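Please consider the chain below together with its coordinates. The account that follows moves from general totals to individual contacts.

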Amino acid sequence: MPQFSAIGSLQRWCLLGLWLCVLCSNLCPVAAQEQATTSLEQQLDQYLVTLRDDVSAADAFLAELYQRYYVNPTENIALASKVRLMSYQATSLLYLQQQAAADALLAELLALTGETDNPDILSEIYATEIEFLLYQRQLSAAILKADRLQLIVQSASVPRVQYFANAMLGGLFKADNQFEQALQHYTDALDAIIGTDDQFTLRRRANLNYFIAQVYADLKKWPEAKLLTEELIAAAKKYQYPQFLPDLYLMLGVILAEQDDLNGAVTVNQLGVAAAKAVDRPNIELTFENNLGSIYIEQQKYEEARAVLQAASEQAKALNDEFNVQIMAYNLGYIDVMQGEHQRGLEQMLVALEYFKENDTKAQYEPMLQWLAKAYAAAGEYQLQAETLQQQLELRAEILTSEREKSVAELQSRYDTKAKSQLITILEQENDLKAQLLDNQKLQQQITALFTLVLIFAAVMLYQLYRKVRLSNRKLREANKQLEFQSLRDPLTGLYNRRALQEQMQRREKYGRRQTDSGPNANGFLLLDIDYFKKINDNYGHAAGDEVLTELSARLTRVCRDEDLVIRWGGEEFLLYLEHIAPEQVSGFCQRILDVIAAEPVACDGKLIPVSASGGFIHLPFAGVDETDLNWERALQIADMALYLGKVNGRNQVYAITGLRCDYNAARQPLTNDLQGAIRQNMVDYITIKGPALAG
């Protein structure tokens, strides 16, 4: 049944370390600065303590510190403490929705990076910038800036800064579903506070363990997540932090439910209800009660479920919480159906379902259709059950397509941004080399002017200069060739990259090779994806994964002709751009590709790794359709959908889309987003080429 889960996000505050400084009795200017800095550090620590208990009072206290030490300073303070104060004030303004003032102060912080090379100061500034980007949901921009912070924080020495920067990086990579990197940075943050023993140590450690437990849950490592969450609950009870218990019980309840320990989940949710009441959190109390009712439904304890859900429904109405009212109504309607009140229960479920269709996301709405289908089955409405399941399948396919397109667009955006950055670096290097040449030419002119005075000396100098110029020119040519090669090649495999294909397509268009026939002169795309590549990385290690990519690159290169392009398309995907491949050659070529991939396992560190791949093939142009209607990018999208069919229908095979059985205008929409539908409607010709049985 519909449930809530609450795997939380980063807290607004990060618990930071305590600075210890010694005051001098007779103050020289340096000693005065140390005293002012120590005082500010202690007051910033006090701000963190206040923030924990009273956010409004903490913000007011911080604003006073900002006015005293930054806006109207009467004392000189160290740059590190100044940056810490500015960082706190900037994030305070951000969370108070004062965006313009927050952005202006962040700009001042970033300007300070040109005035220092101190890794602790730089780490605090760049971590604050990432916190801004995360808050503004600019995930791609934050990821692109993470490399810089990762490099600098390795040289940081202040535990507070190490903790803050690594905790922020952990939250960033967790938000980007890079859970292994998130876990590494959370572990680094824990290492930073191991040697501390102050008023923040315990809370920081608990905070990090909570984040680590969330990552374990995201990785579906349920035993590790359960153990760590139970330890956090014990610590919260021991040190009397009741405000943390509801969130911890909620996460533990989800973990137990995922482990099919429904009785344990019932007990934990009951404890969660009591904990939420104790700290006056009615919304999370409703979540526990709904989850409890849902578990009872799964256990077919309908009377217990009804009692809990009816009480929760009344509480939600009292809170004017329409969303929870509808959740309870949907679950209660399901109970009615299961207890024989078919018409009343189904009507109630449909009313609630219409509310969620209008007010919730498709991803949250889609699984609710499965319970409606179960209700129809219990009521004997099998036709409606089938229609509901079909609706769920169509919605799931729509969500999957949308998420895939969003993911591709996100990766393309990041790739383009990095490519632009690399291009800027290349241009800077070229400008440096050109500047060196200009300097050499200027020096040559100066020597020529002195030629009449010191003939022999000038001749020697000119000879040396000539050699230097030749060397510089040679280096410039070599550098240009190397840069051009690197811009078109994948660094791991040495294959061509996306940019190489884009340039090939531009040349193809420029020189008039946009054919409309699909005969022997047609070209082709074969998009390949290694099967179960994540399992290879998990079972054998990332080094083995890299070895698999390198070996398959070599095998594909051997099979293809010199005029074909073998491209690493991204991750574990390869793209073959094939010149002049006739329709009758497709099956044999695809078979050779599958054979060369799967016939022999890949050897790595004495282990044999079985490997196979799935693929999708299409001609360019496709089925005589002019490329103004179906260009190479659209064709490649169809090949990608064909690859997906190969995956979902068993893997180790290629789906080759070989032609159209109807007018292209009729097939245009299915070919855009539903190739499976086009096949079902008999709109396209296709063949399936099976790979060999895996060796090793």
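The paragraphs below treat the overall make-up, the sheet, the helices and the charged pairs in turn.

The model is predicted. Its protein chain comprises 27 helices and eight strands. Of its 696 residues, 45% count as buried. The chain exposes about 34900 Å², of which carbon and sulfur atoms supply 51%. Among the contacts with a sequence separation of 6 or more, 67% join residues 24 or more positions apart.

The sheet offers a convenient starting point. Six strands form an open sheet in the order E2-E3-E1-E6-E7-E8, and their pairing is mixed. Strand E2 (565-570) and strand E8 (684-690) occupy the edges with a single partner strand each, so one side of each has no neighbour in the sheet. From one strand to the next, the twist averages 20°. In general, strands of a sheet pair through backbone hydrogen bonds, either parallel or antiparallel.

Strand E1 deserves a detailed description. It pairs with strand E3 (residues 573-578) in the antiparallel sense over six bridges, and with E6, also in the antiparallel sense, over eight bridges. Individual positions can be followed across these pairings. Leucine 527 stands opposite leucine 575 in E3, and aspartate 529 has glutamate 573 in E3 as its bridge partner. On the E6 side, isoleucine 530 has alanine 613 as its bridge partner.

How many of the eight residues of E1 are buried? Eight of the eight are, so the strand is largely enclosed by the rest of the structure. In a regular strand the side chains alternate between the two faces of the sheet. In E1, Asn523, Phe525, Leu527 and Asp529 point one way, whereas Gly524, Leu526, Leu528 and Ile530 point the other way; all are buried.

A helix packs against this part of the sheet. H25 lies across E1, E2, E3, strand E6 (613-620) and strand E7 (653-660), and runs at about 150° to E6. A charged pair also involves this helix: lysine 647 forms a salt bridge with aspartate 531, with the closest N and O atoms 2.8 Å apart. Lysine 647 lies in helix H25 (residues 632-648) and aspartate 531 in the loop between strand E1 (523-530) and helix H22 (533-540), so the pair ties together parts that are 116 residues apart in sequence. Both lysine 647 and aspartate 531 are buried.

A second long-range pair is found among the helices. Glutamate 366 and arginine 396 form a salt bridge in which the closest N and O atoms are 2.9 Å apart. This pair links distant parts of the chain, 30 residues apart: glutamate 366 is in the loop between helix H17 (362-365) and helix H18 (368-378), and arginine 396 is in helix H19 (residues 382-449). Glutamate 366 counts as buried because its relative accessible area is 11%, while arginine 396, at 41%, counts as partly exposed.

Leucine 395 adds a further connection in this region. This residue lies in helix H19 and is buried, with a relative accessible area of 10%. Leaving aside residues up to four places away in sequence, leucine 395 touches Lys362, Tyr365, Glu366 and Leu369. The C-alpha atoms of leucine 395 and tyrosine 365 are separated by 9.3 Å, although the two residues are 30 residues apart along the chain. Leu369 is also one of the buried residues of H18, which include Met368, Trp371, Leu372, Ala373, Ala375 and Tyr376. Glycine 380, with a positive phi near 80°, follows H18.

The remaining charged groups complete the picture of pairing. Side chains of opposite charge can pair when their charged atoms come close. The structure holds 25 salt bridges. One of them joins arginine 344 and aspartate 336, at 3.3 Å from N to O. Its two members differ in burial: arginine 344 is partly exposed at 46% relative accessibility, whereas aspartate 336 is buried at 3%. Elsewhere, Glu41, Asp45 and Arg84 are linked in a network of salt bridges.

The surface provides a final feature. Leu450, Leu453, Val454, Phe457 and Met461 make a nonpolar surface patch of about 490 Å². Within this group, methionine 461 is found in helix H20 (residues 455-488). Is methionine 461 buried or partly exposed? Its relative accessibility is 30%, so methionine 461 counts as partly exposed.

Technical notes
Residues are numbered from 1 along each chain as its sequence is written. This is a predicted model: local features need pLDDT of at least 70, side-chain atom pairs count only at pLDDT 80 or more; totals for chains, interfaces and linings use all residues. Side-chain values use heavy atoms; hydrogens and water are left out. Patches are made of residues with over 30% relative accessible area and no salt bridge: like charges are joined within 9 Å, nonpolar side chains (Val, Leu, Ile, Met, Phe, Trp, Tyr) within 5 Å. Accessible areas come from the Shrake-Rupley method with a 1.4 Å probe; for residues, only the protein chains shown count as cover. A salt bridge is a side-chain nitrogen of Lys or Arg within 4 Å of a carboxyl oxygen of Asp or Glu. Helices (H or I, at least four residues) and strands (E, at least two) are DSSP runs, numbered from the N terminus. Buried means under 20% relative accessible area, exposed over 50%, partly exposed in between (1.4 Å probe, protein chains only). Contact means heavy atoms within 4.5 Å. Two strands pair if DSSP finds at least two bridges between them. Axes are lines fitted to C-alpha atoms, for helices over the stretch in contact, and angles run from 0 to 180 degrees between N-to-C directions.
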